[in-house]
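Hi,

Here is the structure I promised to pass on. Have a look at it first, and my notes follow underneath.

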Amino acid sequence: MKDRWTRVLLVAVIAFVGIAACAGSGDDEDGDGTPDILQGDLNVERPALTSIADDGVDNLGTLDTGVATSFTWTLRNVGLASLTLPATSATTSATTNCAATVTTQPATTLATAATTTVVIDVTPTADGAFDFTLSIESNDPDEDPYTIEVSGAGATPAPEINVERPANITIADGGTEALGTVLIGMNNDYTYTIRNEGDATLTLGGAPVATSAQVNCTAVVQTAVGSTTINGGATTSFVIRVNVTAVGAFSFTLTVNSDDADEATYDFVVSGTGTQNAPEIEVQFPAGVAIGDGGSLGLGTVTYQVNQNLIFTVRNFGTTDLTFGATPAATSAPTNVTASITDQPATITAGGTDTFTAQYNVTGSGYFEFTVTVDSNDGDEDPYTLTVSGLGQSQTQTISIAPTTTITAAAGIHEIPAFDPLSDRLFVANGTSLRVDVYDISNVAVPVTLAPIDCSPYATGGGSPNSVAIFNGILAIAIQSNPTQTIGQVAFFNCATLAFVAAVDVGALPDMVAWTPNGARVLVCNEGEPALNYTSDPNGSISIITIPGGGVAALTNGDVTTADFTSFVGTEAALRASGVRIFGTDGVTPSTVAQDMEPEYLTFSPDSATAWVTCQENNAIAQLTIATATITNIYPLGVKNHAAPGNEMDSADQNNPPLPRIQFCNWPIQGLYLPDAIKSYTVGGTTYLVTANEGDQREWGTVNEDTALNAVTLDTTGYDADVTFLQNNAIAGRLRVSTYAGAQTDGDAAIEVIQSFGARSFSIWTTGGVLVWDSGDQFERRNAQNFPANFNCDHGGTTIDNRSDNKGPEPEGVEIAQIGDRFFAFIVCERTSSIMVYDITNPLAPVYVQEANNRTFGSGGNDAGPEASVYVSAANSPTGLPLLIVSNEVSGTTTIWTITVTNN
């Protein structure tokens with residue numbers, strides 16, 4: 001028989017030269033000198049285009065015993081006529097040590113050059129070699145049936161244990177872990193992660209974790225493992241409490257027992273050095289990142305002639321009080337910079353922290369440097385010195401934004417915008433009208449309203465779109481159900497034709513949808529908000545939609561996986577202690593961490609492998625490994641100290657003359673960040689997270705933490721002075737504060753800590769949730785300067801100072817743009833309706849650029865209550881200039897802003 005691919009080529013040549021093949025003519029397949037009748041010729045391939053000869057062999061490799069694995073063979077007709085196959089053309093026989101079930105039969109007709117597929121589920125029934133025969137019947141005259149001997153090897157899936165600290169850093173079985181220097185006489189908690197890297201479930205032993213051979217220390221299991229069974233690829237954790245009992249070397253053995261075949265007793269030695277009781281100083285920047293005595297802090301490139309603040313944290317990890325000299329912190333030896341300390345740390349008890357601020361201003365271009373000195377009673381680090389340095393330069397590129405065109409919704413509201421550069425179309429979620437509004441903005445000056453996308457057919461009883469996102473001409477819409485405690489959907493549409501493409505089920509209350517940077521997946525945050533009084537409280541989750549090889553049109557529910565927080569159930573007490581806010585309840589049963597976490601917004605790493613998710617009401621950021629749908633970490637964000645310089649606030653809406661209406665003060669109040677939107681950007685090879693710290697609190701039925709400061713009983717024990725004066729309405733009496741979680745610490749009727757909602761700022765964090773920079777009080781101060789008559793007004797009115805007692809300007813959304821060699825952040829403030837623009841090229845020293853506002857104060861007109869924005873680069877813009885598109889929920893408008901770039 002001639003080579004079948006040669007025959008395909010021959011047909012093409014014949015067609016090209018125009019030789020007509022009449023019915024009854026063909027090649028001389030049998031060599032008798034007479035043309036054969038045109039006939040089909042079957043070819044079987046796996047993978048496609050890799051041929052397996054008739055009577056050939058196909059080896060599947062090693063498969064898990066007892067587990068069905070699906071394999072696909074491609075059938076190709078390389079003959080000159082159609083092939084006909086019976087309805088059940090593919091069969092398996094002569095199975096040895098396996099089951100082989102045909103789950104998808106090929107098509108019954110196969111045109112010339114066409115393909116179809118056969119799918120077979122193969123399940124090894126025993127360890128070792130297996131085989132079976134695959135037969136495919138057709139009217140191929142010389143290959144009927146077409147048979148293949150399929151073989152492979154079965155192996156029993158096994159669990160595989162790994163112990164890590166921190167998560168993803170392995171401590172080898174039989175290895176060692178060094179804890180470094182540890183103060184004696186203090187409890188130190190260490191969290192270990194057990195990971196199952198195998199396929200089968202890992203079962204921990206009757207005493208899952210044990211300590212032994214303790215030398216100069218006590219080591220006990222403080223928090224037991226969250227689960228004694230760990231699915232393949234999953235994790236659990238436990239906490240060991242170590243108390244070093246003597247100066248010098250200490251050690252103990254940590255053992256984890258499981259059914260891992262070769263590491264059933266996984267043990268390693270933990271060691272360190274105990275130090276004597278004493279104050280012990282450490283200076284950190286940012287908080288949690290130590291700068292050693294004699295060390296340095298490099299700030300990179302800093303815009304000169306701009307005042308900047310560095311907030312240093314001083315930690316006492318000794319066992320006695322750390323006290324300071326007459327001038328605790330000072331700056332000296334300035335080169336090309338002015339520097340001073342604007343506040344000073346006070347006595348720090350053992351294990352405690354305090355802060356001081358170094359304010360500096362680079363005076364010109366080129367290298368700058370200054371020294372920071374801390375004078376304390378630390379025996380071996382007095383004074384503690386560090387060098388701050390960087391490179392001063394003028395701002396090489398500046399921008400300004402101005403409104404170009406405003407679009408008003410025909411009905412309903414405008415919330416989340418998305419822009420498709422392929423069709424020059426703008427899509428805006430309009431939740432109250434159950435639709436996505438669509439506009440052609442190819443002429444930005446004259447937008448054209450197109451037919452909206454009706455979302456009412458999607459999601460059960462719902463149809464309200466919460467978010468939109470676009471990649472390569474495909475629009476994804478997150479649509480909630482009614483009631484919101486039931487699963488929602490993500491629906492996909494073609495941006496150019498507005499045609500429906502596909503829809504899949506996701507979690508409860510899908511709130512924010514986004515494509516990964518590479519377009520391979522779509523993720524959606526499912527808030528899982530409870531019903532009133534927690535009669536139903538679904539798990540908060542992130543749905544991961546993997547786009548199949550056939551594209552979005554081939555999507556099914558089988559392409560959706562879910563990441564949730566169930567692996568953290570049982571660790572609620574430890575999470576609360578770390579600062580994660582978990583306190584939902586129906587009045588009888590507390591919510592689990594899985595129920596209480598409410599994913600709000602997400603952003604990605606540049607390689608599309610990791611997502612970071614704001615859980616707003618929980619005041620935390622979760623880290624997600626996308627490929628395995630695993631939440632790996634929950635980072636508490638802590639609180640903002642409004643008593644520190646640079647963190648002043650206007651806390652009163654009823655401060656009447658003779659007090660000024662606008663007054664900024666430091667008060668002993670903690671601001672809960674409670675961020676809404678989050679974005680990431682990478683500069684200098686490091687990825688940072690940027691949040692808009694809106695401040696939404698927990699408020700569901702009887703679970704309501706929100707009250708006025710003048711309505712609570714204050715326990716003033718922890719304060720340096722009586723702070724009940726703050727309850728005066730002219731000071732902070734009407735300030736909305738929390739009565740839960742960190743505010744109420746000892747179970748009595750009084751609150752011990754004053755915690756307000758939102759930080760009135762935007763922040764930059766490391767990917768591990770460590771604060772790098774915060775805008776402090778700049779939003780309120782700029783608003784007072786630029787719009788004094790409408791300072792801190794509400795989006796529904798223009799009364800000055802109206803929101804000073806409640807989250808201030810209320811930063812809601814953030815967008816990041818790289819323009820030239822600079823990075824810019826655009827933060828929209830829901831109440832004042834301003835857009836705050838910052839140059840964040842240096843994450844340690846962002847620079848204020850502009851406060852823009854297109855609101856018509858006094859008439860309830862344009863652009864009240866901005867919700868979100870989207871950046872359009874110059875390359876993708878219909879005008880050839882970069883754009884910022886901002887949707888405004890209260891006014892129901894969307895404004896297109898033009899960004900003007902100035903190169904200095």
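**What turned up**

Phe238 is buried, at 1% relative accessibility (buried means under 20% relative accessible area, exposed over 50%, partly exposed in between, with a 1.4 Å probe and protein chains only). Before going on, the small print: this is a predicted model, where local features need pLDDT of at least 70, side-chain atom pairs count only at pLDDT 80 or more, and totals for chains, interfaces and linings use all residues. Residues are numbered from 1 along each chain as its sequence is written, and side-chain values use heavy atoms, leaving out hydrogens and water.

**Rings**

Rings of Phe, Tyr and Trp (its six-membered ring) pair if their centres lie within 6.5 Å; planes under 30 degrees apart are stacked, over 60 edge-to-face, and the rest tilted. That rule gives 26 aromatic pairs. In one of them Phe238 stacks with Tyr192, 5.5 Å centre to centre and 15° between the planes. Tyr192 is in strand E14 (residues 187-196) and Phe238 in strand E18 (residues 235-244), so the pair ties together parts 46 residues apart in sequence. Strands here are DSSP runs of at least two residues, numbered from the N terminus. Tyr192 is buried too, at 0% relative accessibility, and Arg165 lies over its face, 5.7 Å from the ring centre (the rule: NZ of Lys or CZ of Arg within 6 Å of the ring centre and within 35 degrees of the ring normal).

Elsewhere, ring pairs link Phe762, Trp773, Phe779, Tyr838 and Tyr848 into a cluster. Arg782 sits over the face of Tyr848, at 3.7 Å from the ring centre.

**Core and strands**

The largest nonpolar core (buried Ala, Val, Leu, Ile, Met, Phe, Trp, Tyr and Cys joined through side-chain atoms within 4.5 Å) has 86 residues, and Phe762 is among those with the most contacts inside it. Apart from it lies another core of 27 residues, including Val225 and Val244.

Strand E56 (residues 762-766) has four of its five residues buried. E56 pairs antiparallel with strand E50 (residues 686-692) over five bridges, and three bridges join E56 to E57 (residues 771-774), also antiparallel; pairing takes at least two DSSP bridges.

**Cysteines**

How many disulfides does the structure hold? Zero, with the cut-off at sulfur atoms within 2.5 Å. For Cys793, the closest cysteine sulfur is in Cys829, 11 Å away, so too far for a bond. Cys793 is buried at 0% relative accessibility.

Cheers
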